[in-house]
Amino acid sequence: MTSYGTIPTSTEGKPSKVEYLSRATERMQTHLGAIKPWKEMLNVHSLNFPHGFSDAFSRVKTNMGYFRMNYAIVMLSVLFLSLIWHPVSLIVFVVLMAAWLFLYFLRDEPLVVFRYTIDDRVVLAVLGVLTIGLLLLTGATINILVSVLVGFVVVLVHAVVRKTDDLCLDEDGVETGGLLSASSA
């Protein structure tokens, strides 16, 4: 039976290409909303030196949790810029960026492996190690190590000098549990 004038919807288990693109677009908009505003991150009035080691450590811990997505983008951007003159490494990096998009940036549900929910920090760490490891195999070792070091220093310096007094930590909804937590399924 044909019904004209209606938009077909997929009732089967496999979504259509249009539905997949629609969900990916929605996830992209949702997760781009999870990235903290760059104006808030780079606010000059919120920068000052910590009063001591405990204050610096507290700032790093808070800022790393709050600006986690922004810091990942900074690290990946520095790494990308260092690979412009290494085409093989750049191709590997682009493939890995697809993995980053689907496993970290665009995921709309928690990652569950063997009925355990994997925390975003674990996914971030595994993807980071995998990215660096595979890129090191492409022969651009010095560029990669220097770019990771530069990105790490930039992120760490920002996390230390960015005050945490003006952050809206209540809306962040960061879980206080461990890196792995049992699924309630």
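The accessible surface of the chain comes to about 12,700 Å², and 68% of that area belongs to carbon and sulfur atoms. Keep in mind as you look around that this is a predicted model. Of the 185 residues, 26% count as buried. The chain has 7 helices and 3 strands, and the tour below goes from the overall layout to the helix pair α4 and α5, the cores, and a few single residues.

**Overall layout**

- Reading along the sequence, you meet the elements in the pattern α-α-α-α-α-β-β-α-α-β.
- Among contacts between residues at least 6 apart in sequence, 79% join residues at least 24 apart.
- One example of distant residues brought together in space is S58 with V160: they are 102 residues apart in sequence, and their C-alpha atoms are 8.6 Å apart.
- S58 sits in helix α3, which covers residues 53–66, and with a relative accessibility of 37% S58 counts as partly exposed.

**The α4 and α5 pair**

- Helices α4 and α5 pack at an angle of about 170 degrees, and their axes are 11 Å apart.
- Angles over 145 degrees count as roughly antiparallel, and α4 and α5 are therefore roughly antiparallel to each other.
- On the α4 side, the residues that meet α5 are R68, M69, A72, I73, L76, L79 and F80.
- Their partners in α5 are L90, F93, M97, W100, Y104 and F105.

**Aromatic pairs**

- The count comes to 3 aromatic pairs.
- F80 and F93 form one that is tilted, with 6.0 Å from centre to centre and 40 degrees between the planes.
- F80 lies in α4 (residues 68–82) and F93 in α5 (residues 87–105), so this pair ties together parts that are 13 residues apart in sequence.
- The two rings are worth viewing with the surface switched on: F80 is partly exposed, with a relative accessible area of 36%, whereas F93 is buried, at 2%.
- Elsewhere, ring pairs link Y66, F67 and Y71 into a cluster.

**Nonpolar cores**

- As background, nonpolar side chains tend to be buried together in soluble globular proteins.
- Here the largest nonpolar core has 17 residues, and those with the most contacts inside it are L83, Y104, F105 and L135.
- Three helices, α4, α5 and α6 (120–136), each supply at least two residues of this core.
- Helix α5 gives the most, with 5 residues.
- Y104 and F105 are therefore good places to start looking, because they have a double role: they are among the residues with the most contacts inside the largest core, and they are also among the α5 residues that meet α4.
- A second, separate core has 9 residues, including M41, V60, Y71 and V155.
- Y71 of this second core also belongs to the aromatic cluster with Y66 and F67.

**The loop between β1 and β2**

- Most residues other than glycine have a negative phi, which makes the next two residues worth a look.
- F114 is not a glycine, yet its phi is positive, at about 50 degrees.
- F114 is found in the loop between β1 (111–113) and β2 (116–118), where F114 is exposed, with a relative accessible area of 77%.
- R115 lies in the loop between β1 and β2 as well, and its phi is also positive, near 65 degrees.
- R115 is exposed too, with a relative accessible area of 67%.

Definitions and conventions. Residues are numbered from 1 along each chain as its sequence is written. This is a predicted model: local features need pLDDT of at least 70, side-chain atom pairs count only at pLDDT 80 or more; totals for chains, interfaces and linings use all residues. Side-chain values use heavy atoms; hydrogens and water are left out. Helices (H or I, at least four residues) and strands (E, at least two) are DSSP runs, numbered from the N terminus. Buried means under 20% relative accessible area, exposed over 50%, partly exposed in between (1.4 Å probe, protein chains only). Contact means heavy atoms within 4.5 Å. Accessible areas come from the Shrake-Rupley method with a 1.4 Å probe; for residues, only the protein chains shown count as cover. Rings of Phe, Tyr and Trp (its six-membered ring) pair if their centres lie within 6.5 Å; planes under 30 degrees apart count as stacked, over 60 as edge-to-face and the rest as tilted. A nonpolar core is a set of buried Ala, Val, Leu, Ile, Met, Phe, Trp, Tyr and Cys residues joined through side-chain atoms within 4.5 Å. Axes are lines fitted to C-alpha atoms, for helices over the stretch in contact, and angles run from 0 to 180 degrees between N-to-C directions. Angles under 35 degrees count as roughly parallel, over 145 as roughly antiparallel, 65 to 115 as roughly perpendicular and the rest as oblique.
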